[in-house]
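Dear colleague,

Here is the structure I promised to pass on to you, and below it I have written out what I found when going through it. Please keep it open beside this message while you read.

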Amino acid sequence: MGIFDRFKGQAKDKAKDISDNVEAEANEKTGNKYADRIDKAQQQMEGRLGIDDDPTK
């Protein structure tokens, strides 16, 4: 594994962490009223960016 592959992996991990934090904050601010919509939007965004947790979806 080259150095660029390692940085790419680290960037994906960091992006996933940020995505999870944004989702949690949005759910907190809306009182989980829109949790299903927020989760769906997060999954779509992660899929488009290539940082999806489960690539088999």
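If neighbours up to four places away in sequence are set aside, E46 touches K16, S19, D20, I51 and D52. Please bear in mind, here and throughout, that this is a predicted model. E46 lies in helix α2, and because its relative accessible area is 3%, E46 counts as buried.

One of the residues that E46 touches deserves a closer look, namely S19, whose place is in helix α1. The two side chains, that of E46 and that of S19, make a polar contact at 2.7 Å. Along the chain E46 and S19 are 27 residues apart, while their C-alpha atoms are separated by 7.9 Å. Is S19 buried or exposed? With a relative accessibility of 6%, S19 counts as buried, and apart from neighbours within four places in sequence it is in contact with Q42, M45 and E46.

Turning now to helix α2 as a whole, you will see that it has 15 residues and that it reaches 21 Å from its first C-alpha to its last, which is close to the 21 Å expected at 1.5 Å a residue. Which residues of α2 are buried? They are I38, Q42 and E46, and these cover an arc of only 65° around the axis, which means that they are on the same side of α2. It may help to recall that an α-helix has 3.6 residues a turn, so residues three or four places apart point the same way. The face of α2 turned away from this buried side carries the exposed residues D36, R37, K40 and R48. As for what covers the buried residues of α2, this includes α1, which spans residues 3-30.

I38, another of the buried residues of α2, can be described in a similar manner. Because its relative accessible area is 18%, under the 20% cut-off, I38 counts as buried. Leaving out residues up to four places away in sequence, I38 touches E23, A26, N27 and T30. I38 and A24 are 14 residues apart in sequence, and the distance between them in space, from C-alpha to C-alpha, is 9.3 Å.

Two places in the backbone are also worth your attention. N32, which is found in the loop between α1 and α2, has a phi near 60°, a positive value in a residue other than glycine. For context, most residues other than glycine have a negative phi. Just after α2, G50 likewise takes a positive phi, in this case of about 80°.

Finally, I looked at the aromatic rings. How many aromatic pairs does a search of the whole structure find? The search finds 0. There is, however, an arrangement involving a ring to look at, since R6 lies over the face of F7, at 5.4 Å from the ring centre.

With best wishes

Note on methods:
Residues are numbered from 1 along each chain as its sequence is written. This is a predicted model: local features need pLDDT of at least 70, side-chain atom pairs count only at pLDDT 80 or more; totals for chains, interfaces and linings use all residues. Side-chain values use heavy atoms; hydrogens and water are left out. Rings of Phe, Tyr and Trp (its six-membered ring) pair if their centres lie within 6.5 Å; planes under 30 degrees apart count as stacked, over 60 as edge-to-face and the rest as tilted. A charge sits over a ring if NZ of Lys or CZ of Arg is within 6 Å of the ring centre and within 35 degrees of the ring normal. Buried means under 20% relative accessible area, exposed over 50%, partly exposed in between (1.4 Å probe, protein chains only). Contact means heavy atoms within 4.5 Å. Helices (H or I, at least four residues) and strands (E, at least two) are DSSP runs, numbered from the N terminus. The expected span of a helix is 1.5 Å times one less than its number of residues. The arc is that of the directions from the helix axis to the C-beta atoms. A polar contact is a pair of N or O atoms within 3.5 Å; within protein, one must be able to donate a hydrogen and the other to accept it, and residues adjacent in sequence count only if both atoms are side-chain atoms.
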